[in-house]
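Biologist: I should like to understand the terms applied to this structure. Please set each value against its definition.

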Amino acid sequence: FDDLVIRKMFVVPSFEIHGGVKGLFDLGPPATALKAAMIDLWRKHFVLAENMLEMECTCLTPEVVLKTSGHVDRFTDLMVKDLETGECFRADKMLEDAIDDLLEKNPTMPTEERENHLRVQRQA
């Protein structure tokens, strides 16, 4: 799927001619057209029909804003790395998925045990 999306230029790796940057992509012509159509539809509904005001903000947030708002100190996503592939994953998502799998594979699990797993999952 990834190769098809890149080959059809829905997205292209950002700064590709300079070696690229992992995780950053630019929208190609088809995706740009799709985005424009979606924004137009959104604008027709919310701005014109609902009389809402439209704003466009910067995509960059200075560190001082993130620090002052508490995002730097309080929001940390623990990551785990697959030693074989080098891929990184959010630990909380892996735990949530593992608990979902456990509950799905054990439909007769006692209610109290099931509730304990769900409590841990909510805290993840």
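Biologist: Why is Arg-43 called partly exposed?

Modeller: Buried means under 20% relative accessible area, exposed over 50%, and partly exposed in between, with a 1.4 Å probe and protein chains only. Arg-43 has a relative accessible area of 33%, so it is partly exposed. This is a predicted model, in which local features need pLDDT (the predictor's confidence in each residue, from 0 to 100) of at least 70, side-chain atom pairs count only at pLDDT 80 or more, and totals for chains, interfaces and linings use all residues. Residues are numbered from 1 along each chain as its sequence is written, and side-chain values use heavy atoms, leaving out hydrogens and water.

Biologist: What makes Arg-43 and Glu-54 a salt bridge?

Modeller: A salt bridge requires a side-chain nitrogen of Lys or Arg within 4 Å of a carboxyl oxygen of Asp or Glu. The closest N and O atoms of Arg-43 and Glu-54 are 2.6 Å apart, and the pair forms a salt bridge.

Biologist: Why is Asp-73 called exposed or buried?

Modeller: Its relative accessible area is 54%, therefore Asp-73 is exposed. Asp-73 forms a salt bridge with Lys-67, at 3.1 Å between the closest N and O atoms. Lys-67, at 42%, is partly exposed.

Biologist: Is Ser-14 buried or exposed, and why?

Modeller: Ser-14 is buried because its relative accessible area is 4%.

Biologist: How do you know that the side chain of Ser-14 makes a polar contact with the side chain of Asp-26?

Modeller: A polar contact is a pair of N or O atoms within 3.5 Å; within protein, one must be able to donate a hydrogen and the other to accept it, and residues adjacent in sequence count only if both atoms are side-chain atoms. The Ser-14 and Asp-26 side chains make such a contact at 2.9 Å.
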